[in-house]
Amino acid sequence: VTEGATTGYGYGVLDDYKSLNTYYANGTYYLYDTTKSMSGVIETRTANYGSSLPGNYSVDSNNAFTSTSQGADVDAHYYAGTVYDYYYNTHGRNSYDNNGATIRSTVHYGSNYNNAFWNGAQMVYGDGDGSTFDPLSGAQDVVAHEITHAVIERTAGLRYQDQSGALNESMADVFGYFVEPEDFLLGEDVYTPNKSGDALRSLSNPDAYGQPSHMNDYYYTSSDNGGVHTNSGIPNKAAYLTIQSIGKTKAEKIYYRALSIYLTPTSNFSAARSALLQATSDLYGTGSTYNSVASAWSQVGVN
Ligand SMILES: CC(C)[C@H](Cc1cn(Cc2ccc(C(=O)O)cc2)nn1)C(=O)N[C@@H](CCCCN)C(=O)O
Ligand SMILES: [Ca+2]
Ligand SMILES: [Zn+2]
């Protein structure tokens, strides 16, 4: 009876077939991916509708994770793998700590819980109530958003308050786009399953979802850590304008360099503009690309 890495399969939240990197031991298959050679592992667990973390490993008796309730587990595991691959293949980063840290996710957290979050040590996904959200790991851009919070903690450490907090949120949304560049929406695959065409947030049109896209409309509030999920619309719009003018390939290199080298815990929007311009200068000089980045931030009222 051998134990070791195996390849299983399952159906995700949207009933889509996915091949899975699993692990076999003592008659049980685990959502435990040891194939990321440079990394520790990617492991997926279930809270079994409770709130104690990290919960038990997601397991299956025959390596076929095909039951409806396993969809959230399948997608959390698969998408964590794709996000690991994005950061390693595109930016040479080996997991969120750049040192092969285990990427741990727990699904089926709480009852009908309409949210997902990084708790400082792992990702946590609710199942949604089936009306506002489907199980939240079903969206690749959501998984990328949460893992990027972990990357931010290990790089710029943007303080989760006011402008640095809105930048934290924006970076998580922007890398959600870089990982899943099919649209400029966030969470569309799991938000309001009975309604198509909507999303949680939009990088191209923050205002469509109640977010400002210009400094003139900055939302001063004490809630949500100073409106971090609202004011992120301003840097999100700047990112959209940047991507539209210089393309994704250059933009993601500029954003990763700014995040990993120049941004600090107390960086505000103006400091972000400077960090991105410095990164642009490092990589592409001070020609048209540089002017495009400067213009994007001017258009959202940040100089
Ligand atoms: C990533 C994204 C899918 C997720 C979306 C989200 C979910 N919620 C709660 C929520 C719940 C219900 C509705 C509704 O329309 O009825 C809208 C929002 N607010 N934001 C989100 O943005 N979560 C926060 C969780 C932050 C927790 C505090 N640090 C984050 O990761 O930044
Ligand atoms: Ca999306
Ligand atoms: Zn967030």
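**Notebook: helix H5, the zinc site and Tyr30**

I began with the packing of helix H5, whose buried residues sit against helix H3 (162-179), helix H4 (224-231), helix H6 (248-262), helix H7 (269-284) and helix H8 (288-299). A reminder to myself: this is a predicted model.

Next I looked up the dimensions of H5. The helix covers residues 233-246, 14 in total, and its first and last C-alpha are 20 Å apart, close to the 20 Å expected at 1.5 Å a residue.

How many residues of H5 are buried? I found 12 of the 14, so I noted the helix as mostly covered. Among them are Gly233, Pro235, Lys237, Tyr240 and Ile246. Just after H5 comes Gly247, and I noted its positive phi, near 90°.

Then I turned to the zinc ion (ligand 3). Which residues coordinate the zinc ion? I listed His145 and His149, each through NE2, and Glu169, which is entered twice through OE, at 2.0 to 2.8 Å. Along the chain these donors follow the spacing H-x3-H-x19-E. His149 belongs to helix H2 (residues 140-154) and Glu169 to helix H3, so this pair ties together parts that are 20 residues apart in sequence. I checked burial here too: both His149 and Glu169 are buried.

My last stop was Tyr30, in strand E3 (residues 28-30). Is Tyr30 buried, exposed or partly exposed? Its relative accessible area is 25%, so I put Tyr30 down as partly exposed. Leaving out residues up to four places away in sequence, Tyr30 touches Thr22, Tyr23, Ala25, Tyr57, Ser58, Val59 and Phe65. I also looked up Tyr30 and Thr44: they are 14 residues apart in sequence, with 8.3 Å from C-alpha to C-alpha.

Definitions and conventions
Residues are numbered from 1 along each chain as its sequence is written. Chains are lettered from A and ligands numbered from 1 in the order in which they are written. This is a predicted model: local features need pLDDT of at least 70, side-chain atom pairs count only at pLDDT 80 or more; totals for chains, interfaces and linings use all residues. Side-chain values use heavy atoms; hydrogens and water are left out. Helices (H or I, at least four residues) and strands (E, at least two) are DSSP runs, numbered from the N terminus. The expected span of a helix is 1.5 Å times one less than its number of residues. Buried means under 20% relative accessible area, exposed over 50%, partly exposed in between (1.4 Å probe, protein chains only). Contact means heavy atoms within 4.5 Å. Donors are N, O and S atoms within 2.8 Å of the metal (3.2 Å for Na, K and Ca); water is not among the atoms, so sites may look incomplete.
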